[in-house]
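Please open the structure in your viewer and keep the selection panel at hand. The tour proceeds in stops, each with something to select and something to look for.

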Protein chains: 2
Amino acid sequence: MEPVTYKPIGRIETPYTSREGMPIQAKGGEGIRGRIVLLPAYAKGLQDLGGFSHLILLYHFHLTQDTRLVVTPFLDTVPRGVFATRSPNHPNPIGLSTVRLIEIRETVLEIEDVDIVNGTPLLDIKPYVPAFDHRQPERLGWLEKAGADLQQTRADKRFI
Amino acid sequence: MEPVTYKPIGRIETPYTSREGMPIQAKGGEGIRGRIVLLPAYAKGLQDLGGFSHLILLYHFHLTQDTRLVVTPFLDTVPRGVFATRSPNHPNPIGLSTVRLIEIRETVLEIEDVDIVNGTPLLDIKPYVPAFDHRQPERLGWLEKAGADLQQTRADKRFI
């Protein structure tokens, strides 16, 4: 299978200048404002997007320097297979966050509930649609027993 | 911003040999079986994944040949900005589907509820976790008025 090359479509600006101390998921970043600065070439693709209250962002974890197949997640104390975690050290370090859309002004999107480090290259924007995206899992693996608090837990240096 | 290159971690096998006639979202593919064949090099990353009932798959829309900034979605009759749709013709054609995990045998993952064409290169696997991924949007843009039925609508040739 051939490698795939993507060109970032813009950049995500947030108050987080480093990963340390960041919320570990968008739900832990409630109320935190950020901004997407889209490249002007893609402006027409934003048409109709302002009608959605929530967006799925796919982005490149540009600070991640190595793949690890086993990691100890922020919410646990036990090493886990990386695909069973949301750590950035996946073989392809693609981040996924659902954020609130506040406003679009030309090619700038004001967003809220961000858990993304400043300067992150953005790969894609999709509308968040419960009819497409919501599931009711019966099993949540190691997370069922993880006692850590998602809202309160903050990132440390382990994945940098 | 520099281009980003990812190497597929495996391949997705499904009953859909072409995009035409496929369900347009994983929820329209309920009960349809598929299989992930992961490259053996990533086997250790699967540890602990079997405990989760639902997985988020990120994959490359390898059949998509062109970017379109405005598209008419399957569920609508009006052209929309591509970022406001889930069409494959985004500037970076990255697919996102949440599927049910049935069983893992070594590096083969049996999955269900697939809306993915056979042979699709897989980029990433993440556990689906409602505490991370679930939102309750107030606004769904053009989809609020789209009358088409998600379960019944099937893809045609428009995005190939």
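What percentage of the 160 residues in chain A do buried residues make up? Buried residues make up 52% of them, where a residue is buried if 20 or more other C-beta atoms, placed from the backbone, lie within 10 Å of its own, exposed if 12 or fewer, and partly exposed in between. This is a predicted model, in which local features need pLDDT of at least 70, side-chain atom pairs count only at pLDDT 80 or more, and totals for chains, interfaces and linings use all residues. Residues are numbered from 1 along each chain as its sequence is written, while chains are lettered from A and ligands numbered from 1 in the order in which they are written.

**First stop: chain A as a whole**

Select chain A and display it as a cartoon. Chain A holds one helix and nine strands; these are DSSP runs numbered from the N terminus, with helices being H or I of at least four residues and strands E of at least two. From the N terminus on, the order is β-β-β-β-β-β-β-β-β-α. The C-alpha trace of chain A spans about 45 × 35 × 35 Å along its principal axes. Among contacts in chain A between residues at least 6 apart in sequence, 78% join residues at least 24 apart; two residues are in contact if their C-beta atoms, placed from the backbone, lie within 7 Å.

**Second stop: strand 8 and its neighbours**

Select residues 108-112 of chain A, which form strand 8, and show the side chains. Leu109(A) and Ile111(A) point to one face and are buried, whereas Val108(A), Glu110(A) and Glu112(A) point to the other and are not.

Now add strand 3 (residues 33-38) of chain A, which runs antiparallel to strand 8 and is joined to it by five bridges; two strands pair if DSSP finds at least two bridges between them. Here Arg35(A) stands opposite Glu110(A). Strand 7 of chain A is also antiparallel to strand 8, again with five bridges, and Arg100(A) has Glu112(A) as its bridge partner. In the hairpin of strands 7 and 8 of chain A, two residues lie between the strands, and Glu106(A) takes a positive phi near 50 degrees.

**Third stop: the nonpolar core**

Select Leu55, Leu57 and Leu58 in both chains. These residues have the most contacts inside the largest nonpolar core, which has 84 residues; such a core is a set of buried Ala, Val, Leu, Ile, Met, Phe, Trp, Tyr and Cys residues joined through C-beta atoms within 7 Å. Not counting residues up to four places away in sequence, Leu57(A) touches Ser97(A), Val99(A), Leu122(A) and Ile125(A).

**Fourth stop: where the chains meet**

Show both chains in separate colours. The contact takes 61 residues from chain A and 61 residues from chain B. On the side of chain A that touches chain B, strand 9 of chain A gives the most, with six residues.

Next, select Thr5 in both chains. Thr5(A) stands opposite Thr5(B), where strand 1 of chain A and strand 1 (residues 4-6) of chain B pair in the antiparallel sense over three bridges.

**Last stop: the symmetry**

A rotation of 180 degrees with 0.0 Å of shift along its axis superposes chain A on chain B, with an RMSD of 0.0 Å; the fit is by least squares on the C-alpha atoms of residues with pLDDT of at least 70 in both. This is the relation of a two-fold axis. Of the residues of chain A, Thr5(A) comes closest to the rotation axis, at 2.1 Å (C-alpha).
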